[in-house]
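Visitor: Got a minute to walk me through this one? I'd like to poke at a few spots and see what the numbers say.

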Amino acid sequence: MRMKIAGGCGEHGRNCFYIETSKYAFLVDCGLMAGEAGGGYPHLTEAEIKRLDYVFLTHSHADHTGALPWITANGFDGSIVASEETLNQLPFPVNNAMTLEQYQAGNHPISMEYGRSGHCVGSVWYQFECEGKTLFFSGDYVEKNYVHEIDLIREKQADIAVVDCAYGNDKTSFDSYCTELVKYVRKAKTEYRTLLFPVPKYGRGLELYWLLKKRFPKWTFSGDAHFIKQVISAQESKWIKKDVVLSGDISLFSEEHPTDVVFASDPQLRKAEAQEIAEKVLEHGYAIMTGTVESGTMSARLLEEGKMSMLRFPVHLNYPQFRNVAMNNSFKQIIIYHSPEFDCEKEIIK
Ligand SMILES: [Zn+2]
Ligand SMILES: [Zn+2]
């Protein structure tokens, strides 16, 4: 068995792992490197793309799925396997899609198990058995959060495990991040009428909404149409913790009825709708970014102009949390992914 790291190690983005045996080949994730010249595609040859029988997706974020149209244009004609929610969240059409349940019910050469990774609705970790070897992929994973259900990775055995450590050597705990953020938000609110949170379409926004709603019960909240839709659809699903009630008191953003907090489902503020919301809010408000800012975007400009601050809300592991996963499982070889701070060999033969 040969595993080739086609992206995602020694960098933040382009997550893509190619596995090849004498009988079949598959990918785990197929992401893009945002903002890279040449498209930021995974390091895959045309022959490798054509050999692929399956692509397993851990979740819908572009750093895990954005290169799917590119592999399709380059001759990929295999199946795309993911949770139903992940498939529905993809912003482009895909051929030969298969849900996790459909895959498990079918007759396939690679045996696969999965669990919820707590990162967003539809996000999973995977364990594969292929040619006598066990491969484990954490996907984007957390051990602690408020909203998304987590099937903790415990007592797994694998020959190779690829594990999230996107926050590198940062040692801040989940609770300290949240405490810092709440402290900052409270102070900012004494100076500004409205606070704007640009968030990804899926995942972090729901966690933030829940945290702020709990800490500031008297505050009012609004979001763009996508955010409201996300709140409603997430509520009914198995991906949300049972004691979490999200819907009820969030309204659609309107300039006439300003709320204390506004969510825009576009982290870099790239689209016109989010830019318009940002411009209106920032007349009397302030923006808070809670994840990676990409250069050349409106979010980057707001940060430069002092109209936005960056305070992390964690949706990945850092090194101490990664160590905890490593200690609680039996992994013969561990590959750290999603961080520029840790690199590794790009070819593994087992
Ligand atoms: Zn993600
Ligand atoms: Zn990611």
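Visitor: Where does L303 sit?

Guide: L303 belongs to helix α10, residues 298-304. Helices here are DSSP runs of H or I with at least four residues, strands are runs of E with at least two, and both are numbered from the N terminus. Keep in mind that this is a predicted model: local features need pLDDT of at least 70, side-chain atom pairs count only at pLDDT 80 or more, and totals for chains, interfaces and linings use all residues. Residues are numbered from 1 along each chain as its sequence is written, while chains are lettered from A and ligands numbered from 1 in the order in which they are written.

Visitor: Is L303 buried or exposed?

Guide: In between: L303 has 17 C-beta neighbours inside 10 Å, so it counts as partly exposed. The scheme calls a residue buried if 20 or more other C-beta atoms lie within 10 Å of its own, exposed if 12 or fewer, and partly exposed in between, with C-beta atoms placed from the backbone.

Visitor: What is L303 in contact with?

Guide: Leaving out neighbours within four places in sequence, L303 is in contact with M289, V293, M308 and M310. Contact is when two C-beta atoms, placed from the backbone, lie within 7 Å.

Visitor: And how many Å separate L303 from N169, C-alpha to C-alpha?

Guide: 24 Å, with their positions 134 residues apart along the chain.

Visitor: Next, α9. Which of its residues are buried?

Guide: In α9 (residues 272-282) those are A274, I277, A278 and V281. They cover an arc of only 100° around the axis, which puts them on the same side of α9. The arc is that of the directions from the helix axis to the C-beta atoms. On the other side of α9, A272 and E279 are exposed.

Visitor: What covers the buried residues of α9?

Guide: The cover includes β11, β14 (261-264), β15 and α10. That last one is the helix holding L303.

Visitor: How about α6, how far does it reach?

Guide: Helix α6 runs over residues 174-191, 18 in number, and reaches 27 Å from first C-alpha to last, close to the expected 26 Å. The expected span is 1.5 Å times one less than the number of residues.

Visitor: Which α6 residues are buried, and what do they pack against?

Guide: C178, L181 and V185 are buried. Seen down the axis of α6, they fall within an arc of 65°, so they line one face of the helix. They pack against β11 (194-198), α7 (204-215) and β15 (285-289). Turned away from that side are exposed residues, including D175, K183, R186 and E191.

Visitor: Zooming out, how is the protein divided into domains?

Guide: Domain 1 is 2-169 + 316-349 and domain 2 is 174-310; those bounds come from an automatic or database domain assignment. Their centres, taken over C-alpha atoms, are 28 Å apart. At the meeting point, 18 residues of domain 1 are in contact with 19 of domain 2.

Visitor: Which residues touch the most other members of the largest nonpolar core?

Guide: F17, Y18, L27 and V55, out of 98 residues in that core. A core here is a set of buried Ala, Val, Leu, Ile, Met, Phe, Trp, Tyr and Cys residues joined through C-beta atoms within 7 Å. Both domains give residues to this core, so it lies between them. As for V55, it touches F26, L27, C30, G78, I80 and V81, not counting residues up to four places away in sequence.

Visitor: Any odd backbone angles? What's phi at R14 and at H338?

Guide: R14 has phi near 55°, and H338 has about 80°. Both values are positive, and neither residue is a glycine. Most residues other than glycine have a negative phi, and most peptide bonds are trans. R14 is in the loop between β1 (2-7) and β2 (16-20), and H338 is in the loop between β17 (330-337) and β18 (347-349). R14 is buried, with 26 other C-beta atoms within 10 Å, and H338 is buried with 29.

Visitor: Last one: what's the radius of gyration?

Guide: 20 Å, which agrees with the value near 20 Å for a compact globule of 350 residues. It is taken over C-alpha atoms, and the globule rule is 2.2 Å times the number of residues to the power 0.38.
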